[in-house]
There are 4 protein chains.
Amino acid sequence: MSASHDRKLRYAMVGGGRDAFIGAVHRRAMALDGQMELVAGALSSDPDKARASGRDLGLADARNHGRWEDLLADELKRPADERIDFVSIVTPNHVHYPVAKAFAEAGIHVVCDKPLVHTSAQAEELVRTVERTGIVFGVTYNYTGYPMVREARAMVRGGVLGELRKVTVEYNQGWLATHVEAQGNKQAGWRTDPEKSGVAGAIGDIGSHAENLAATVTGLEIEAICADLGSLVPGRRLDDDGNLLLRWRGGVRGVLVASQIAAGFENDLRLRVFGSKGSLEWRQEEPNHLVHAPLDGPRRILTRGSPWLSESSRRACRVPSGHPEAFIEAFANVYLGVAADIRARLAGVRADPIAADYPRVTDGARGVRFIEKTVESAASERKWTPMT
Amino acid sequence: MSASHDRKLRYAMVGGGRDAFIGAVHRRAMALDGQMELVAGALSSDPDKARASGRDLGLADARNHGRWEDLLADELKRPADERIDFVSIVTPNHVHYPVAKAFAEAGIHVVCDKPLVHTSAQAEELVRTVERTGIVFGVTYNYTGYPMVREARAMVRGGVLGELRKVTVEYNQGWLATHVEAQGNKQAGWRTDPEKSGVAGAIGDIGSHAENLAATVTGLEIEAICADLGSLVPGRRLDDDGNLLLRWRGGVRGVLVASQIAAGFENDLRLRVFGSKGSLEWRQEEPNHLVHAPLDGPRRILTRGSPWLSESSRRACRVPSGHPEAFIEAFANVYLGVAADIRARLAGVRADPIAADYPRVTDGARGVRFIEKTVESAASERKWTPMT
Amino acid sequence: MSASHDRKLRYAMVGGGRDAFIGAVHRRAMALDGQMELVAGALSSDPDKARASGRDLGLADARNHGRWEDLLADELKRPADERIDFVSIVTPNHVHYPVAKAFAEAGIHVVCDKPLVHTSAQAEELVRTVERTGIVFGVTYNYTGYPMVREARAMVRGGVLGELRKVTVEYNQGWLATHVEAQGNKQAGWRTDPEKSGVAGAIGDIGSHAENLAATVTGLEIEAICADLGSLVPGRRLDDDGNLLLRWRGGVRGVLVASQIAAGFENDLRLRVFGSKGSLEWRQEEPNHLVHAPLDGPRRILTRGSPWLSESSRRACRVPSGHPEAFIEAFANVYLGVAADIRARLAGVRADPIAADYPRVTDGARGVRFIEKTVESAASERKWTPMT
Amino acid sequence: MSASHDRKLRYAMVGGGRDAFIGAVHRRAMALDGQMELVAGALSSDPDKARASGRDLGLADARNHGRWEDLLADELKRPADERIDFVSIVTPNHVHYPVAKAFAEAGIHVVCDKPLVHTSAQAEELVRTVERTGIVFGVTYNYTGYPMVREARAMVRGGVLGELRKVTVEYNQGWLATHVEAQGNKQAGWRTDPEKSGVAGAIGDIGSHAENLAATVTGLEIEAICADLGSLVPGRRLDDDGNLLLRWRGGVRGVLVASQIAAGFENDLRLRVFGSKGSLEWRQEEPNHLVHAPLDGPRRILTRGSPWLSESSRRACRVPSGHPEAFIEAFANVYLGVAADIRARLAGVRADPIAADYPRVTDGARGVRFIEKTVESAASERKWTPMT
């Protein structure tokens with residue numbers, strides 16, 4: 001992990017003001033390695049709150065905006081050596097599309113939270129815009145930043161498991177096991193509101209992470225979905241529990257579970273990949289370990305930072321094995337990947353692929369389609385709903 | 001666990017001869033507590049092997065038979081104080097029905113391995129026979145004998161989890177991840193042969209354990225099944241990987257996974273039950289623990305033998321907590337349940353329900369229906385196949 | 001694990017009557033594999049209780065004695081084909097010596113619980129008796145019967161860890177964290193009473209298991225001890241917490257902890273062995289696993305029953321990996337070792353060393369010396385007390 | 001965790017240049033929350049490397065020094081609104097004293113890595129200097145920054161465990177299991193060199209962390225030490241394995257282990273505290289969990305961020321439970337504690353004690369005495385060496 005750069009990248013943030021949860025995580029992730037600095041923002045959809053939030057963070061008044069449209073207009077007026085290098089969009093889901101579209105059209109690099117947008121039509125439009133403008137566009141599927149996820153990917157792609165047969169991914173949370181959105185929980189409020197969250201609840205919020213994790217590690221795409229979505233807490237408007245049978249391309253079977261009513265579970269994202277030569281298992285709550293079970297020998301507990309790991313995994317580490325790294329560091333790795341790509345553009349060179357390792361707009365678009373097709377399948381009496 | 005009894009119960013065994021795996025487990029389970037003794041047998045479908053096996057086990061020649069029909073005929077001729085109290089049937093699946101039917105019709109108590117029989121028609125016929133004759137008929141769903149499974153059952157039935165919402169059960173094994181039946185593996189041979197194993201492979205062999213475990217703990221019955229069964233190892237004739245969405249009666253959702261191609265997994269049966277007040281998780285490979293996550297406090301690791309557990313759990317223990325008990329002890333508990341019921345019959349009293357705790361013929365019949373409906377669902381293009 | 005034998009071995013039990021804990025474990029261990037049968041006994045120091053206990057277990061009146069002296073006299077009068085093959089002594093510690101000595105002198109094979117006796121003088125006398133009479137004499141250091149302990153031993157002895165550097169063993173229990181002996185707890189009563197337990201409490205009851213486990217696995221002997229023994233529960237008469245620095249022969253360092261006031265710990269015996277090429281860790285509460293950390297690769301979780309384990313470990317298994325085996329099975333393995341040795345004597349052949357695998361009287365004598373020297377060290381102001 | 005402040009605190013760093021390990025961790029810890037900025041430095045004892053390292057980090061030339069003496073002189077010339085708020089000293093141990101002493105004498109707040117200095121005389125001199133000047137002086141015993149360590153402290157201090165009886169702390173690493181200092185490993189080089197590391201190796205490097213962790217959580221002080229220190233890797237000049245019996249004040253027993261030859265162990269710092277009402281266990285490699293075993297109920301797994309934890313623990317969190325936090329976040333918490341204290345001084349108010357939570361110079365001095373007394377004990381033939 002290189003420590004030396006000519007200058008910090010400048011970024012603006014849209015969303016992430018007072019009371020927001022994930023914005024501060026993004027800021028810490030960007031601060032961690034001293035490579036990025038916040039210079040502008042429109043931190044809330046409420047202009048007053050936006051500006052108050054910007055003052056909290058030390059933004060200069062001239063770059064602390066009440067509306068994201070003003071932020072964009074102001075940045076476009078600034079000289080290149082002052083203008084932001086990229087924008088980080090951390091609003092509720094329904095705001096992603098207009099902001100991302102506008103900045104992308106203006107040629108400004110974008111990092112956007114997931115799920116990318118509400119509809120595949122929007123997603124495809126963003127993909128086209130990115131292709132046309134050539135900008136860097138990252139989507140913060142943050143779990144892909146864990147070093148041991150990268151190790152799993154290197155192992156699967158390198159054939160360690162042989163031919164893949166089955167991929168199972170679960171994401172269990174318990175924080176929506178009661179009707180907290182009726183009790184003023186802000187995070188629960190927008191996530192369970194179809195206006196803000198889109199057509200899906202749990203399957204959009206965390207199911208899309210599960211899909212992305214499985215696809216990132218294996219390189220597989222889903223061929224068909226058989227979904228059962230439920231709203232198991234009385235009064236809830238969107239799904240809070242989803243169970244899917246999957247057919248991955250190439251004859252690979254699978255199960256995907258995303259539940260937010262799993263009382264007592266915190267953030268239990270776990271992936272299992274089964275092949276003809278062995279299996280892998282990874283759990284987000286113990287992210288520094290990866291369990292590899294070869295067919296012909298005992299299980300092995302691979303640990304982050306070990307010298308026998310792949311370069312892509314080792315380069316994603318900051319401290320030696322045994323000194324755990326965790327959620328924020330993984331998040332930061334996604335941003336470092338974006339930064340490496342932006343720096344390569346600035347330098348006019350081809351990015352180092354191990355450095356420029358981050359989920360792209362196409363991953364985001366695939367995630368949106370996954371959500372749509374899951375909802376379609378859940379409403380269908382047919383067993384299998386094809387992805388395309 | 002009472003240590004005192006007037007006499008040992010006498011049993012005969014059908015199947016379980018040389019080279020068999022599970023027969024020796026049954027015998028050890030019956031020997032463990034000194035309450036049962038093997039006095040007769042027809043230990044193989046090969047008469048010579050049957051007799052050789054009986055000699056290994058010290059059977060008297062007169063009660064060491066080459067055919068189960070001879071065993072039955074001989075026992076019926078013996079006086080009551082010499083005749084077997086019950087027969088234990090541990091043959092491959094396809095032999096269960098004729099043997100069980102014949103002994104039941106003769107009024108001899110039966111313990112039969114699972115899955116009970118090949119078809120629901122056979123199962124219903126056995127249920128009727130048992131009702132008519134009034135015999136004790138146990139099915140060795142052995143995992144129900146674990147003290148912490150009984151604790152889970154007591155907690156769920158006692159309302160500790162509130163209203164149930166979701167029940168997930170998995171049974172992952174890896175021993176069929178290669179085509180071992182083509183290499184002379186006897187256990188794999190009959191389990192992957194439709195003639196001997198029935199219409200199902202993994203779903204019959206271990207999926208039925210998963211169904212039984214979930215049903216035993218929760219008391220729920222399945223309403224509808226959506227199954228995806230695969231034969232993922234090339235050349236295999238029966239399913240080796242099954243993934244099911246479940247609708248349990250009462251609006252409870254569920255997932256059931258039974259796989260024998262899960263490379264690196266040994267015998268990983270695990271159950272999770274989610275309710276409105278918390279969740280439970282139990283794993284067969286760490287059977288002395290039960291994880292209870294209440295909504296309003298930290299996770300608790302309940303351990304076998306603790307004084308605060310239910311009577312049904314505590315009475316199923318032989319040694320104090322921390323001295324682990326395991327597979328054979330759980331198996332023995334099922335037999336102790338059968339024995340308690342037989343002793344009650346002998347004494348002409350009503351059995352103590354905590355003592356006479358074992359899976360019945362009706363559990364076995366439900367298991368057969370589960371297998372049939374799963375296979376039916378797997379062949380259907382409709383999402384849901386109702387259980388009835 | 002061979003299932004075939006000419007006949008069951010006949011045994012008598014001294015101690016282990018009603019209210020006793022460990023006697024029933026011994027009986028179950030001996031019953032498990034169908035190789036031994038209880039034919040006689042003197043099951044309590046209280047003659048009435050002894051006989052009542054014998055009746056519970058179905059002993060014939062003629063062989064159900066009120067005093068062990070009567071048992072011995074009676075057996076010596078019986079013909080060889082009826083006489084017991086061995087005696088199992090499961091009394092409180094202070095009774096071990098006279099019983100063991102008398103049976104050994106009479107040429108009857110002995111299994112005796114640990115710690116063997118109260119003093120090294122007694123232990124040495126027993127060793128001499130055993131040498132003189134040539135009897136089989138096993139000591140139930142039961143933890144040595146675990147298959148993964150035998151695997152650890154095979155690995156260490158085979159050089160997998162390179163040169164040994166450090167051996168750490170802990171045995172933590174919490175059941176004496178309160179003054180239970182004052183509340184009528186029978187097990188606590190004699191274990192905390194110097195008259196019955198000897199000079200040591202925790203260090204005798206469980207510290208001796210720890211010493212034996214470490215010595216069995218490594219083959220090392222202790223050179224010098226530096227002990228700190230405490231009676232941390234007010235009112236207790238013997239040590240309930242012991243912490244020792246060890247010097248093993250050959251320059252190996254070590255720590256031994258034995259505590260019965262470790263609130264919340266159940267039976268947490270764990271061993272760690274460190275060598276120049278890697279380390280091993282084993283925990284009694286998860287006995288089916290052994291963690292091997294080689295210097296040059298990831299940690300490996302070895303599981304009981306795996307095909308790549310040593311023959312001595314594999315032959316100690318009854319069921320395949322993933323179907324856990326536990327405390328009673330390990331205990332049974334010690335008895336099977338004794339039985340194999342007795343059968344070899346009966347057959348006039350040399351015993352198969354893998355079969356006749358059990359702790360000997362010399363292990364018991366070393367354990368007694370360990371206890372004595374630990375108590376001596378605890379009273380000394382010098383740092384190191386040599387073992388010899 | 002408050003996100004709002006008038007301005008970032010300015011700091012200089014001494015040490016931590018190219019090739020250093022821990023300096024980058026300190027910088028990331030300080031960057032994480034956006035509250036501190038690096039403005040000056042003398043980053044190596046080699047002036048050229050120092051300046052090159054400073055350029056890597058974007059230091060202005062005028063504040064990028066080749067010698068720490070120049071850094072100090074330069075800062076003292078600057079106006080208050082430009083001058084550093086504190087210095088962070090992350091050099092090898094032997095440089096700590098002169099730098100810390102000089103900055104402290106100049107009235108500049110100090111954060112110094114551990115172990116604080118080489119001798120108690122130096123440590124006491126520093127304590128006196130801090131008392132006299134009134135500066136803030138933090139010592140980066142970073143493990144005290146973990147939220148679950150703070151929870152453990154709150155529980156122990158709040159009496160949850162009743163009266164303390166025993167405190168055991170272990171720190172096992174394996175990275176010095178071979179003679180790596182002879183192969184050019186820089187970290188190993190200075191840590192095994194008495195000139196740079198002081199009188200102790202493992203006991204100074206990690207044993208002092210263990211002592212600090214135990215003392216922080218329990219509030220106990222060591223009364224007497226019985227130490228066995230070894231240099232188990234041939235050719236090593238300082239101890240690489242230390243095993244200590246402890247007597248804590250108030251009759252509490254203990255064991256402390258610090259080993260760097262524990263092959264296969266990464267950074268396994270673990271603490272167990274036993275009291276009359278229960279026990280606690282915490283492991284650095286799974287820092288988000290704390291195991292509490294009450295005497296009268298099942299073990300409970302407390303997780304970071306849970307609403308039922310103490311304020312001191314909850315305020316040390318950045319993300320919700322289940323999203324793991326780790327090493328760098330804990331490190332950052334120590335710096336946040338220092339920052340809160342400095343900000344209180346700047347504001348002329350009394351610091352919020354929950355915010356200003358960090359190890360003080362007196363903790364550092366106690367740690368130095370611990371090291372000295374351990375080395376003294378190791379050389380003694382007497383069992384107990386008193387701490388005072």
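**Note on the predicted model: chain A and its contact with chain B**

1. UniProt, in an unreviewed entry, assigns residues 149-281 of chain A to the feature "domain: GFO/IDH/MocA-like oxidoreductase". The structure discussed here is a predicted model. Within residues 149-281 of chain A, helix accounts for 27% and strand for 35% of the chain. The C-alpha atoms at the two ends of this stretch are 10 Å apart.

2. Chain A as a whole has 12 helices and 14 strands. Its C-alpha atoms occupy a box of roughly 60 × 50 × 40 Å along the principal axes. The radius of gyration of chain A is 21 Å, which agrees with the value near 21 Å for a compact globule because that value is the one for 388 residues.

3. Salt bridges come to 164 over all chains. One of them joins the side chains of R7(A) and D85(A), with an N to O distance of 2.9 Å. R7(A) sits in the segment before β1 (9-14) of chain A, and D85(A) in the loop between α3 (68-77) and β3 (86-89) of chain A, so this pair ties together parts that are 78 residues apart in sequence.

4. On the contact between the chains: 46 residues of chain A and 46 residues of chain B take part. The area buried between chain A and chain B is about 3500 Å². Carbon and sulfur atoms give 52% of that area.

5. The polar side of the contact can be counted in two ways. Between chain A and chain B there are eight salt bridges. There are also 24 residue pairs in polar contact between chain A and chain B, both residues being at pLDDT 80 or more. A salt bridge to inspect is that of K166(A) with D241(B), whose side chains meet at 2.7 Å, N to O.

6. Which elements give two or more residues to the side of chain A that touches chain B? They are the strands β6 (164-172), β7 (222-230), β8 (241-248), β9 (252-259), β10 (268-275) and β11 (278-283), together with the helix α12 (361-378), of chain A. The most comes from β8(A), which gives six residues.

7. As to composition, the residues on the side of chain A that touches chain B divide into 21 nonpolar, 11 polar and 14 charged. This division can be read beside the 52% share of carbon and sulfur atoms in the area buried between chain A and chain B, and beside the eight salt bridges between chain A and chain B.

Terms used: Residues are numbered from 1 along each chain as its sequence is written. Chains are lettered from A and ligands numbered from 1 in the order in which they are written. This is a predicted model: local features need pLDDT of at least 70, side-chain atom pairs count only at pLDDT 80 or more; totals for chains, interfaces and linings use all residues. Side-chain values use heavy atoms; hydrogens and water are left out. UniProt positions are given in the numbering used here, feature names are shortened, and annotations may be inferred rather than shown by experiment. Helices (H or I, at least four residues) and strands (E, at least two) are DSSP runs, numbered from the N terminus. Contact means heavy atoms within 4.5 Å. Buried area is the accessible area (1.4 Å probe) that two parts lose on being put together, summed over both. A salt bridge is a side-chain nitrogen of Lys or Arg within 4 Å of a carboxyl oxygen of Asp or Glu. A polar contact is a pair of N or O atoms within 3.5 Å; within protein, one must be able to donate a hydrogen and the other to accept it, and residues adjacent in sequence count only if both atoms are side-chain atoms. Ala, Val, Leu, Ile, Met, Phe, Trp, Tyr, Cys and Pro count as nonpolar, Asp, Glu, Lys and Arg as charged, and the others, Gly among them, as polar. The radius of gyration is taken over C-alpha atoms; the globule rule is 2.2 Å times the number of residues to the power 0.38.
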